[in-house]
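User: I'm new to this and want to learn how to read a pocket in a protein model. Can you walk me through one?

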Amino acid sequence: MDFIVDGFFKALELLISGDSSTWTAVLATLKVSACSMLISIGAGLPCGFLVRYFDFKGKRQLRIILDTLLALPTVFIGLVVYAFISRQGPMGEFGLLFTLTGIVIGLAILSFPVVTVITASTIESIDPELKLTLVSLGAGKRHILFTCLWEVRYGILTAIVNAYGRVSTEVGIAMMIGGNIKYHTRTITTAIALETNKGMFADGIALGLVLITIAFMINLSLSVLRRQ
Amino acid sequence: MTQAHPIYHLKNIRHYYGPKKVLDIDDLEIRTGSITGLMGPNGSGKSTLLKMLAFALKLKEGQIFYKGREESGFSPEVRLKVTLLTQKPYLLKRTV
């Protein structure tokens with residue numbers, strides 16, 4: 001039991017002293033999660049809206065595919081992205097393997113269905129009178145899109161938080177595509193896995209504390225936004 | 001003296017929900033200043049007709065003339081001219 005308590009205090013020491021290996025992992029995590037979230041929000045919100053709001057051929061099949069993608073194992077995404085960006089893959093020439101950009105691609109694929117499906121479910125809950133009201137008020141398609149999204153903004157925040165939760169705690173993709181390279185592609189989660197295997201609990205706990213703090217700060221900000 | 005165009009003139013309007021025909025209007029004119037009431041049982045097409053008059057529902061068959069001009073595309077400009085206030089209006093969650 002003592003080693004856990006010792007690990008906790010040592011973790012605080014590592015964070016306060018600005019330990020470079022700890023903080024580079026923190027920065028790498030923040031970079032990849034922020035970039036992948038930007039991509040998945042940019043693509044997932046309009047897709048979620050289109051999938052639910054408009055009727056088109058193959059809509060049901062698309063919903064089934066998106067729902068299936070929700071349960072996609074991270075190691076499988078890692079494997080597919082690895083195959084695409086490795087030297088002999090179709091995107092091999094870009095040299096994305098073992099880079100943060102490669103991790104971002106994998107994480108964006110992971111979070112895109114989460115944002116899309118939750119947004120679609122949220123749009124589903126919209127009162128049908130809203131569309132009628134907007135159309136009869138003369139709103140164009142773009143205006144309808146943004147007004148509907150604004151009306152269900154709390155549901156969309158939930159989608160974003162869920163997707164961020166998946167992205168920030170992900171290990172498989174970061175490990176396979178990033179390669180867990182110290183000072184380069186090591187993220188908080190891959191570092192925790194490595195340090196625990198090495199028996200370095202203090203480093204693992206330090207990184208775990210940062211991860212929890214980030215999650216707490218994001219949820220706190222969202223809670224403040226909801227109150228406004 | 002020429003008579004002004006009616007505010008609405010509906011010609012050969014037919015509307016279906018699946019195989020079910022809910023509207024069948026050969027000719028209907030609504031003149032400015034008149035009060036027109038719609039009566040009918042559930043599913044007889046009252047709301048559908050109101051949505052068409054508010055340019056919120058596109059026609060499947062027929063023509064609709066608004067102030068003498070045929071409206072087929074239901075552009076935002078024409079939709080701004082008529083507003084439909086439903087029985088349970090949706091209030092946007094925002095301040096003005």
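Analyst: Sure! Helix α6(A) gives the largest share of the lining of the largest pocket, five residues. Helices here are DSSP runs (H or I, at least four residues) and strands are E runs of at least two, numbered from the N terminus. This is a predicted model, where local features need pLDDT of at least 70 and side-chain atom pairs count only at pLDDT 80 or more, while totals for chains, interfaces and linings use all residues. Residues are numbered from 1 along each chain as its sequence is written, chains are lettered from A in the order in which they are written, and side-chain values use heavy atoms, leaving out hydrogens and water.

User: How is empty space found, and what is the volume of the largest pocket?

Analyst: Rolling a probe the size of a water molecule over the atoms shows where empty space is left. On a 1 Å grid over the protein atoms alone, a pocket is an open set of points where a 1.4 Å probe fits, with protein on both sides within 12 Å along at least five of seven lines; lining residues have an atom within 4 Å of a point. Here the volume is about 1,400 Å³, the space filled by probe spheres set on the points, which are joined across faces, edges and corners. Among the 36 lining residues, K131(A), L132(A), V135(A), A56(B) and L57(B) are closest to the centre.

User: Which elements each supply at least two residues of that lining?

Analyst: They are α2, α5, α6 (128-136) and α7 of chain A, plus β1 (8-17) and α1 (46-53) of chain B.

User: And how many residues of chain A are in contact with chain B?

Analyst: Contact means heavy atoms within 4.5 Å. By that rule, 16 residues of chain A touch 17 of chain B.
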